[in-house]
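Biologist: I would like to learn how to read pockets and sheets in a model. Could you take me through an example?

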Amino acid sequence: WPALSTLRPDVAILQEVSEQDVSKHAESCWIGNDPHKGLAVVGFNGFKVRVHSAWDPMIEFVVPIEVTGPVEFLLLAVWVMYNRAVKRLQERPNRWQMLQGLEIYEPLLLSRKSVVAGDFNNAVRWDRPRKADNHSLAAQKLSDLGLVSAYHANWATAQGKEEHPTLYWMRHKDAPYHIDYI
């Protein structure tokens, strides 16, 4: 909490966080299948957060959050876990968790100001022909919804050309990746 507080966020999306740690904060919601490791959204500075009634628990870690306060918007909080997510929509087996969420919540995303943010655990560097979980598919779907990547717009760079990693795999400086997006 002290490290997070120094960043002075209005809304924080936290992955791999325990329910107990988040429940201490009055303005928060937590989703998970393991009380020690889940997805949380925390509001600060007058921002309130709650899980939207349209949330489909079968898309476990792509969760629509109603954000109210100084600014109101829909937040699609993301922690893509691939095969580690316990639940998924079986009628969409050719769609990975992120695309399932974007397709199911498309009407909701188009109905108001929206932000999609979190740990996508993916990048175009891992795209392969005909792979259902290619990151470029999610990037294209987000673009089709009228959304742009804050990082890519700010740095005027293309997906896959990121110069600033958001993760060093296993904390190794020689394994930089860009897998977190807003």
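Biologist: By class, how many residues in the lining of the largest pocket are nonpolar, polar and charged?

Modeller: Happy to help, and please keep in mind that this is a predicted model. The lining of the largest pocket has 16 nonpolar residues, along with four polar and three charged ones. In total, 23 residues line this pocket, and the space inside comes to about 570 Å³.

Biologist: Which residues lie nearest the centre of the largest pocket?

Modeller: Those are Ile-13, Ala-117, Asp-180, Tyr-181 and Ile-182.

Biologist: And which element gives the largest share of the lining?

Modeller: That is β1, with five residues. Other elements that each supply at least two lining residues include α1 (2–7), β6 (73–79), β7 (114–119), α6 (150–155) and β10 (180–181).

Biologist: Let's follow β1 into its sheet. What is the strand order there, and is the pairing parallel or antiparallel?

Modeller: The general idea is that strands of a sheet pair through backbone hydrogen bonds, either parallel or antiparallel. Here, three strands form an open sheet in the order β1-β3-β2, with antiparallel pairing. The edge strands, each paired on one side only, are β1 (11–17) and β2 (28–31). On average, neighbouring strands of the sheet are turned by 15° against each other, ignoring direction.

Biologist: How many bridges join β2 to β3?

Modeller: Four bridges connect β2 with β3 (residues 38–43), and the two run antiparallel. To find your place on screen, look for Ser-28, which stands opposite Val-42 in β3.

Terms used
Residues numbered from 1 in each chain as written. Predicted model: local features only at pLDDT ≥ 70, side-chain atom pairs only at ≥ 80, totals over all residues. Heavy atoms only, no water. Pairing = 2+ DSSP bridges. Axes fitted to C-alpha atoms, helices over the stretch in contact; angles between N-to-C directions. 1 Å grid on protein atoms, 1.4 Å probe; cavity = no way out; pocket = protein on both sides within 12 Å on 5 of 7 lines; lining within 4 Å. Points joined across faces, edges and corners; volume = space filled by probe spheres on them. Nonpolar A, V, L, I, M, F, W, Y, C, P; charged D, E, K, R; others polar.
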